[in-house]
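Please read the following report with the sequence and the structure at hand. It begins with one chain as a whole and then turns to a sheet in another.

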Amino acid sequence: MGAIGYLYRRILANRIKMALRRPVTYFYIVVFLIYMFAVPMSLKVLAEEYRLDAPDGMAAVLTLFAFWVIPANLIAYARRKGLIFRNSDIHFLFPSPTGPKQILLFAHLKSLVAQSMVLLFVVCCGGTICGVPAWKLAVYFFFSLVVENVLEGSIMMLLYGSERLDEKRRGLVIRGAYALVGILAAIGIYTYFQTGLSFQSVVGFLHSDLVQMVPVIGWYISVIHLLFIGPTVVNVTGTVLYFLLTAELVMAAVRMKCTGAYYEDAIKFAEDYEEVLASRRQGNTEKRLGKKQKFGKASVVWRGKGARALFYRQLLEYKKSKYFIFDLNTAVALIAGIGLAWLYVEEGGFEAEIFTNFVIPGLSAYLILIFTAVNGKWAKELKSPYTYMIPDTPFRKLMQATAMQHVQNLINGLLITVPGAVVMGMTPMRAALCVIFYMALAANKLYALAVAEAVVGGTLGTVGKQMFQLFLQSFVILLAFLGAVTGNLAGGTDLAYLMMDVFLVLATAIFMVLAALNFYRMETT
Amino acid sequence: MLEVMELTKRYGKTLAADGVGFTVPDGRIGILLGPNGAGKSTVIKSIAGLLRYKGSIRIQGHDSRSLEAKRCFAYVPEMPYMYDALTVREHMEFIVRAYGVEVTEDEIRELLEQFELEDKQDKLGNELSKGMMQKVSICCALIIRPSVILLDEPMVGLDPAAIKELKEVILKLKARGTTVLISTHMLEMVKELWDVTFVMDKGRILGTYTREALGEEDLEELFFSVTGQSGKNREAEMPVARQKGV
């Protein structure tokens, strides 16, 4: 492991060194520590309400995670996925005389630091919420970090690295993993017929002996139950089987022949992964890992010149795209609009009048804030050299490059507003103001990105920039809120809507000018 | 010596390499030529052990997938990719450890100086230009003192001084008895280097030509005559250049 160990140590040490040089790291550390403290505290109330505030509660939650994580990992490894290889690994590591199994271990251990953080968080929750004794948490930490990793590493090696398992056999493993999930589901259905559906019956299912008898997943659950609840015949047997399985698989992984036939699949993954990363950096969220983006045939009639070309190029791209101008935001707006209307009808109206009056703008603001990171085409335009080379004014470029996005926002605004407006009997005027609110706030997000880029882009990195963008938007929402309060006090709900939109549109106009100035600065410096 | 025998590789229904076979003896420089899509990359990646294939590839008599073969084999890919968080020096240190070679401080310094990297050794991978990355990639390949070296479009991205340096290095490697295989489109760049040329198209080797047998014939003319790209076609490809008398 000499060279691999060196590579792992140096990458980790240099990353830490680089991170410590950036001021934003200290901010993240503080946020992380606050989360480590605040999340367990807030979950404590929930855990008490559902009687999960004891060690058996921790066992139940970890059991639930095991249902999801173990089959998902088995399927990923059988598909030769689930390990992150980069192009640099392909360049330097794959052709080197490093054993292909060692390379697999290296890829597996890349997530060790992140795993340790998650485990630390789980241990904190276990101690503060479920009152698990410290020694048990220490054993759990060691078990998860060492034993579980050894077993998972062996399974990974046997599935990912095996040269005897062809595509067909790997398919059988995938079916086996689904079968395990099927068995667990069957036990769940059986429990439902026995005890009915209630929160306690679900917890009972998670603790049931039958679940602990299911191979692999159940044996892991046995270990958890033995540790947090105490010994039973079933969980002791399951634990023994778990350790025997670990020993057997480790030996099988050591004996297995592996000459690097998996490299070809790893290369495909690495190329795909780098492409997705690069495209995310440019604000394209459509690209998915393992799925090639498909484009249809389309054409546009090009009109106008200069920056207008940006508009038509985007239109052409949208027409070639599978979902035209509709994306994640459209789906979210549609679901939220219909969901809100359904809830209103189901509940027979909302109790508080003020809530009914402002629920749509409130929901719009919340969703736009949540999806701050989804930046659309303007972020992409900023990365393209052609945007700067087009002989036109920065303001016209900004307008033309974002025009289509405003159309998109109009559609999303209508989708989120119309269903609720219809069932609530909203006046057309208020509904229109709701749509304008959505459009203005979405446009604000677009321009806030440019302002964030100008202010902190060079110092805080991508995440820091997004957080600053979030801060700007929160500030603008606060302004709109103040407008609504002022309007409501002065002349009622209609004026509140009007003032809210006026404040928001004014703030957005200021941001737009700032974005255009920043773009001008980027062009000229 | 590098021996490629009956190398066949399919991507789904596409036959990218169809029974490719050639040999580059010790101390000789082989050139792999072919138009885009000829299958050169497939052959190169197969030799580097990055693809599954049918047939046999032997490096100094060892199966190319074996660790023995990899120990004496160096590969310079067309696109260099660095570890973002490793410095130039750390890349070299990693390679030295991975290949288990004994290298002195002076040898490393000499190599870095040769490619004008001595002031860049503490730069991280993500701080380097493409040309710099290519130089690091070449240094990492040379530091292991390979018996067989495979260079895929090695001149792309290099400045004229580095190209000159690389040519000299390749000739020195040849003199030392190293087997060299270069895949390139830049025929001008390898004119004075080559000993044997393999012309590929549509996944097959169309012809193998030694410098001795070819005599005075130009490599470029040979390439166009073997691949069937006539002078007329070439004219059609360069109308603008012709019109302007370039």
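In this predicted model, the secondary structure of chain A comes to 21 helices and zero strands. The C-alpha trace of chain A spans about 70 × 60 × 45 Å along its principal axes, and of the 525 residues in this chain, 33% are buried. Among the contacts in chain A with a separation of 6 or more, 72% are between residues 24 or more positions apart.

Chain B contains an open sheet of six strands, which follow one another in the order E6-E7-E8-E3-E9-E10 with mixed pairing. Strand E6 (73-76) and strand E10 (204-210) of chain B are the edge strands, since each of them pairs on one side only. On average, neighbouring strands of this sheet are turned by 15 degrees against each other, direction ignored.

In general, the strands of a sheet pair through backbone hydrogen bonds, and this pairing is either parallel or antiparallel. In chain B, strand E7 (residues 148-152) and strand E8 (residues 179-183) run parallel and are joined by five bridges; one of the bridge partners in E8(B) is B:Thr179, which is matched with B:Val148.

Which strands does helix H1 of chain B touch as it packs on the sheet? Helix H1 (residues 40-47) of chain B touches strand E3 (29-33), E7, E8 and strand E9 (196-201) of chain B. Helix H5 (residues 130-142) of chain B, in turn, lies across E6 and E7 of chain B. The table gives the direction of each helix against one strand.

| Helix of chain B | Strand | Angle between directions |
|---|---|---|
| H1 (residues 40-47) | E7(B) | about 145 degrees |
| H5 (residues 130-142) | E6(B) | about 175 degrees |

Notes: Residues are numbered from 1 along each chain as its sequence is written. Chains are lettered from A and ligands numbered from 1 in the order in which they are written. This is a predicted model: local features need pLDDT of at least 70, side-chain atom pairs count only at pLDDT 80 or more; totals for chains, interfaces and linings use all residues. Helices (H or I, at least four residues) and strands (E, at least two) are DSSP runs, numbered from the N terminus. A residue is buried if 20 or more other C-beta atoms lie within 10 Å of its own, exposed if 12 or fewer, and partly exposed in between; C-beta atoms are placed from the backbone. Two residues are in contact if their C-beta atoms, placed from the backbone, lie within 7 Å. Two strands pair if DSSP finds at least two bridges between them. Axes are lines fitted to C-alpha atoms, for helices over the stretch in contact, and angles run from 0 to 180 degrees between N-to-C directions.
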